[in-house]
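Please open the model in your viewer and keep the sequence panel beside it. The stops below say what to select next and what is to be found there.

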Amino acid sequence: MATTLTERRSEAARGADWREILIWAGTALGVAGMYMAILYAPEEATMSHAQRIFYVHVPSAWVGFLAFAVVFAASVGFLWTRRRSFDLAAHTSTEIGVVFTTLAIASGAVWGKSAWGTWWTWDPRLTTTFMLWFIYVVSLMVRAYGGPGGQSARFAAVLGIVGFLDIPLIHLSVVWWRSMHPLPVVVSSEGFGSGLPPEMLYALLVNVAAFTLLYVALFSIRRAQMGAQDVLAAQREDDRRSTVRRGFPRTQEGSR
Amino acid sequence: MNPLTAMFVGFAIIWGGLFIYVLRLHRLGRAIEQQLRKEH
């Protein structure tokens, strides 16, 4: 690695206030998004107010996909170069992706109870999304219980790549198979946002922007935190080694 | 409860939860950075 421990330490110890700005900007946009979702967007004719879950469900799913796209890119980078920074980026994004995919599944279940009368059904869209969530949870478990060393990072990177292949399958599952899930209304063959009235589309876009900003904030905070933990561990190991080196001759003398 | 109020409560819980999550993570990061400064 090109950077020295001193360089990494000073980089990690430098506080970054711009992360706080990101948090507050994301939250302010989130409050605006909440207002638009509840008061600005019109009531849907068939599903009434339950349809408003859409303004949380779709942005959560979008951020989940974005996070796993970052995991995919970072995992490819890690397997290619074996650089720790790629592994940290993949780990960070996996954690955030799992949080937002859980939120997408949970909000979808609440909507499903209202629209279909059931919290869960083994519909193609739901099943493929569950598979995605499960693959990344397994990836986190591999990291947590795989033990130290590069092997668990390599396994997690392979899972990060394999899991990403499920995303096009999720998007096309409602087109390819008979699914109860509504068809895409934002990214569809008829054009961007053509399936929505403008007020609904604007409310959705503001919420998508807020969730994306929150993802960026979470990613930068958690990534910096993992980097700092790495530096602390390396420094403690350094201290331990130098203590052993200093203490070793005395121990030898004492044992004679 | 009025469905619109229920929706508002649900949204507030989600945003409140996300806000607390990101803020706690940020404070934890700060604590680690402080530890790093203290040790060196």
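**The end of a helix**

Begin by selecting A:G147, which follows α5(A) and has a positive phi, near 85°. Bear in mind throughout that this is a predicted model, with an average pLDDT of 84 in chain A and 86% of the residues scoring at least 70.

**Along α5**

Now select residues 124-145 of chain A, which form helix α5. Does the distance between its end C-alpha atoms agree with the expected span? At 1.5 Å a residue, the 22 residues should span 32 Å, and because the end C-alpha atoms are 31 Å apart, the two values agree.

Within this helix, highlight A:R125, A:L126, A:T128, A:T129, A:L132, A:Y136 and A:S139, which are the buried residues of α5(A). If you then show their surroundings, you will find that these buried residues pack against α3 (54-81), α4 (84-115), α6 (150-164) and α7 (166-176) of chain A.

A:F134 also belongs to helix α5 of chain A, and the next question is whether A:F134 counts as buried, exposed or partly exposed. A:F134 is partly exposed, because 14 other C-beta atoms lie within 10 Å, whereas a buried residue needs 20 or more and an exposed one has 12 or fewer. For a distance to check in the viewer, take the C-alpha atoms of A:F134 and A:A90, which are separated by 16 Å and belong to residues 44 apart along the chain.

**Where α4 meets α5**

Keep α5(A) in view and add α4(A): the axes of the two helices come within 10 Å and cross at roughly 145°, and the crossing is left-handed. On the α4(A) side, the contact is made by A:H91, A:T94, A:E95, A:G97, A:V98, A:T101, A:T102 and A:I105; on the α5(A) side, by A:T129, A:L132, A:W133, A:Y136, A:V137, A:S139, A:L140 and A:R143. Coloured by class, this contact shows seven nonpolar, seven polar and two charged residues.

**The loop before α4**

Move next to A:R82, in the loop between α3 and α4 of chain A. A:R82 has a positive phi of about 65°, although it is not a glycine. With 14 other C-beta atoms within 10 Å, A:R82 is partly exposed.

**Chain A as a whole**

Zoom out to the whole of chain A, which has eight helices and zero strands, so that the pattern read along the sequence is α-α-α-α-α-α-α-α. Of its 256 residues, 36% count as buried, and among contacts between residues at least 6 apart in sequence, 76% join residues at least 24 apart. Colouring chain A by confidence brings out α1(A), where the mean is lowest at 58, and α3(A), where it is highest at 95. Where pLDDT is low, the predicted coordinates should not be read in detail.

**The side facing chain B**

Finally, display chain B as well and select the contacts between the chains: 29 residues of chain A are in contact with 22 residues of chain B. On the chain A side, α1 (5-13), α2 (18-40) and α8 (198-255) each supply at least two residues, and the largest share, 12 residues, comes from α8(A). By class, the residues of chain A that touch chain B divide into 16 nonpolar, eight polar and five charged.

Note on methods:
Residues numbered from 1 in each chain as written. Chains lettered and ligands numbered in written order. Predicted model: local features only at pLDDT ≥ 70, side-chain atom pairs only at ≥ 80, totals over all residues. Helix = DSSP H or I, 4+ residues; strand = E, 2+ residues; numbered from the N terminus. Expected span 1.5 Å × (residues − 1). Contact = placed C-beta atoms within 7 Å. Nonpolar A, V, L, I, M, F, W, Y, C, P; charged D, E, K, R; others polar. pLDDT = per-residue confidence, 0-100. Axes fitted to C-alpha atoms, helices over the stretch in contact; angles between N-to-C directions. Left-handed = near helix turned anticlockwise from the far one by under 90°.
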